[in-house]
Each structure stands twice: as structure tokens, then as C-alpha cells.
There are 2 protein chains.
Amino acid sequence: MEKEAREEVKRKFIEFLEKKDFRITNQRRVIIDTVFSTDEHFTAEQLLEWAREKDSSVSRATVYRTLPLLTESNLVHEMDFGKPYKFYDPNYSESPNHNHLICEDCEKIVEFDSEKIEAIENEIGDKLGFTVKSQNLQLTASCDTLKRKGTCDKKSCS
Amino acid sequence: MEKEAREEVKRKFIEFLEKKDFRITNQRRVIIDTVFSTDEHFTAEQLLEWAREKDSSVSRATVYRTLPLLTESNLVHEMDFGKPYKFYDPNYSESPNHNHLICEDCEKIVEFDSEKIEAIENEIGDKLGFTVKSQNLQLTASCDTLKRKGTCDKKSCS
DNA sequence: TTCTTAATGAAACCATGTCTCAACAAAGAC
DNA sequence: GTCTTTGTTGAGACATGGTTTCATTAAGAA
């Protein structure tokens with residue numbers, strides 16, 4: 001991930017705030033700096049912790065208030081894997097994909113797109129009498145092949 | 001849903017308990033009677049409320065302790081739709097499908113299967129170097145077509 | 001019927017997340 | 001730069017969904 005891409009995304013968030021007549025506060029700046037200085041998925045509590053390392057005054061309330069702005073502006077993805085807390089993902093691309101493969105061995109999360117699956121989903125919705133508005137596909141998987149090849153890049157995979 | 005089918009599923013749960021050397025208590029009987037007297041999905045709190053109508057002594061702890069037994073025995077499905085609480089579904093069939101269409105208008109939940117989608121999922125997993133273990137697909141939809149036809153059977157759809 | 005011990009209910013507890021409200025600070029007007 | 005308006009903030013109370021503890025109860029074997 002290049003530095004310009006990070007700056008670009010931050011600029012987009014500022015634009016989003018301006019368009020909504022929301023104020024560009026220091027806390028919001030710290031939070032987006034934090035979000036867009038990682039490529040990893042994170043939880044709200046992790047974000048709070050990281051943001052506080054940059055500015056110890058950032059409060060839990062502000063983090064929880066800013067996350068919906070980030071998801072609304074589509075710069076961050078919200079993901080629910082059935083755990084009691086949610087995961088978030090900095091979204092550098094514009095793609096609206098909500099398909100994730102989660103490795104049960106190394107906890108790696110891979111996003112992917114599939115037009116084929118989307119087409120079938122619409123077909124199924126139609127058949128049932130519904131119009132599909134959005135979709136969310138989660139695959140739980142094992143990185144056995146990557147491990148065998150020695151190309152799994154997560155620390156937890158030896 | 002026929003009466004025998006309900007009895008059959010209850011019998012299976014008793015068998016499950018016996019096999020595990022778990023006791024067949026009155027509370028567990030009340031809870032499965034409650035679960036398998038509906039076709040609807042429900043939350044843990046709803047189940048508690050319903051069970052208490054049959055036997056007011058059933059406690060929250062027991063409901064929450066029994067639900068994992070029901071999911072483990074595969075007689076109830078656990079579903080997570082990103083809300084802070086989970087939904088459960090009495091599972092009369094043996095099918096392991098985990099695909100749900102949730103209507104955002106009437107909150108109806110429809111389960112469906114798709115071999116086509118599963119095939120594509122495996123293909124994608126392979127391509128990424130993973131072996132897909134399980135999948136979970138959620139479609140958010142609108143029942144506009146059913147409403148237009150006047151065939152949506154939920155009370156909330158007029 | 002007795003005995004062992006798993007299961008239970010009540011309530012304390014926990015974790016994630018939301019809300020309230022007085023204090024603060026952006027940003028426009030001057 | 002200073003003033004004024006009003007959206008935003010931090011601290012902590014609160015809400016919610018769920019889990020754990022522990023004394024008591026009751027399955028089920030003997």
C-alpha cells in the first residue's frame with residue numbers, strides 16, 4: 001500500500017465530512033490517521049488503543065461515534081464473523097465487495113469478488129419473490145495448501 | 001409441519017443427551033418442547049419467555065446452557081445477522097444449509113440451498129490457496145414483489 | 001430408598017457498545 | 001484576531017446480551 005493511496009483515502013474522508021457539514025476535528029483526524037496507517041482488519045477496541053497511542057485524549061465514545069461515519073462513507077468495511085465484537089477493514093479500493101474468506105488456522109482474512117455468485121443470488125432472490133439489496137458471504141477455510149507450499153505469510157503459520 | 005416430525009426431533013434430542021450421558025431434566029424437556037412447537041426463528045430471550053410460559057421456573061442460565069446443546073446436536077441452527085444478539089431456527093430437516101435471505105421490510109427469513117454457489121466457493125478457495133470448510137451467505141432483500149402480488153404472508157406486510 | 005453428582009436458579013459478573021451532559025473547540029461573521 | 005454559534009468531545013453512567021458462581025435440587029444408578 002503506497003503512501004499516496006493512504007493520503008487519498010484520508011482526503012476523501014475530509015470531503016465526506018465537509019459535504020455533510022460535519023466538523024473536521026482533531027480526534028477525527030487522529031482516528032483516520034490510525035485507520036489508514038494499517039492494512040489489517042481491527043476491532044473498535046484495537047482502534048481505540050492505537051488512536052490513544054497517537055493522542056491519549058481520544059475517547060472510546062468518539063471512536064464508536066466515528067466508526068459509523070467511516071462505514072457510511074464506504075472507506076471502512078464492517079464485518080461480523082459471529083463474534084460478540086465486529087471487525088473493521090480499511091477499504092482502499094472502491095469495490096463494494098462483502099465476501100470474506102477467514103482462515104481458521106491463521107486468522108487471515110481475504111476479500112474477494114464474484115460476479116458469478118452475485119448473478120446466482122439475484123436469480124434465487126427473484127425466484128423467492130424478493131429483490132436482493134445486499135449480500136454478505138463468509139467462507140471459513142484452512143490455509144493447508146499455502147502451508148504445504150510454505151507461502152502462508154502469517155506469523156501464526158510456521 | 002406435522003406433529004410426528006416435531007416428536008421425532010424431540011426424540012432425537014433425548015437420544016443425543018443419553019449418548020452424552022447428560023441428564024434428561026424437566027427444564028430441558030420444557031425447552032425442547034418450546035423450540036419444536038414453532039417454525040419461526042427466535043432469539044434466546046424469546047425462547048426464555050416462551051419456555052417460562054410453560055414452566056415459570058425455567059431460568060435464563062438454563063436456556064443459555066441448553067442452546068449450545070441444541071446447536072451441537074444440529075437440531076437448531078444458530079444465525080448471526082450482525083445484530084448484537086443471535087437468532088435460532090428449529091431445524092427439522094437434516095440439511096446443513098447456512099444460506100439465508102432476510103427481508104428488510106418484513107423481517108422474514110428464508111433458508112435456501114445452492115449447489116452452484118457452493119461449487120464457485122470451492123473454486124475461489126482453491127484459487128486463493130485455501131480449503132473451504134464451511135460457508136455462510138446472507139442476502140438482505142426486499143419483499144416488494146410479494147407485496148405487489150399481495151402474497152407476502154407476514155403481518156408486518158399489509 | 002439411598003447416594004452420588006450433574007444440573008439448576010438467582011444473582012453477580014463480564015464485555016461490547018450507547019447515551020447523557022457539561023465543557024470545549026471548529027468555523028463563520030465581524 | 002475576537003466573538004458567537006453550535007456541533008463535538010470525554011467521562012462515566014447506562015443498556016444489553018451473555019456467562020459464571022455457588023448453594024441447592026433432583027436425575028438416575030445401586
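Let's start at the DNA, with Gln27(B): an N or O atom in its side chain sits 2.8 Å from a sugar or linking oxygen of DNA strand C. Keep in mind that this is a predicted model, so every distance here is computed from predicted coordinates. Another residue of chain B, Ser59(B), reaches a phosphate oxygen of DNA strand C, with an N or O atom of its side chain 2.5 Å away. Chain A takes part as well, and here the partner is a base: a polar side-chain atom of Arg23(A) lies 3.2 Å from a base nitrogen of DNA strand C.

Which elements give two or more residues to the surface near DNA strand C? They are α4 (60-72) of chain A, together with α2 (26-35) and α4 (60-72) of chain B. In total there are 20 residues around the strand, and those that come nearest are Tyr64(A), Thr25(B), Ser57(B), Ser59(B) and Thr62(B). On the DNA side, sugar and phosphate make up 65% of the atoms of strand C that come within 4 Å of the protein. If you sort the protein residues of this surface by class, you find 9 nonpolar, 5 polar and 6 charged.

Now let's turn from the DNA to the place where the two protein chains meet. Here 36 residues of chain A are in contact with 36 residues of chain B. Together the chains bury about 3100 Å², and 65% of that area is on carbon and sulfur atoms.

What polar links cross between the chains? There are 12 residue pairs in polar contact, counting pairs with both residues at pLDDT 80 or more, and the count of salt bridges is 2. One of these salt bridges joins Lys116(B) to Glu123(A), with their closest N and O atoms 3.6 Å apart.

Several elements build the side of chain A that touches chain B: β4 (99-103), β5 (109-112), α5 (115-128), β6 (131-142) and α6 (144-149) each supply at least two residues. The largest share, 12 residues, comes from β6(A). By class, this side of chain A has 15 nonpolar, 12 polar and 9 charged residues.

It is worth following β6(A) across to the other chain. Its partner is strand β6 (residues 131-142) of chain B; the two run antiparallel and are joined by 11 bridges. To see the pairing in your viewer, pick Thr131(A) and look across to Ser142(B) in β6(B), which stands opposite.

Conventions: Residues numbered from 1 in each chain as written. Chains lettered and ligands numbered in written order. Predicted model: local features only at pLDDT ≥ 70, side-chain atom pairs only at ≥ 80, totals over all residues. Heavy atoms only, no water. Contact = heavy atoms within 4.5 Å. Buried area = accessible area lost by both parts, 1.4 Å probe. Salt bridge = Lys/Arg side-chain N within 4 Å of Asp/Glu carboxyl O. Polar contact = N/O pair within 3.5 Å; in protein donor to acceptor, adjacent residues only side chain to side chain. Helix = DSSP H or I, 4+ residues; strand = E, 2+ residues; numbered from the N terminus. Nonpolar A, V, L, I, M, F, W, Y, C, P; charged D, E, K, R; others polar. Pairing = 2+ DSSP bridges. Near = heavy atom within 4 Å.
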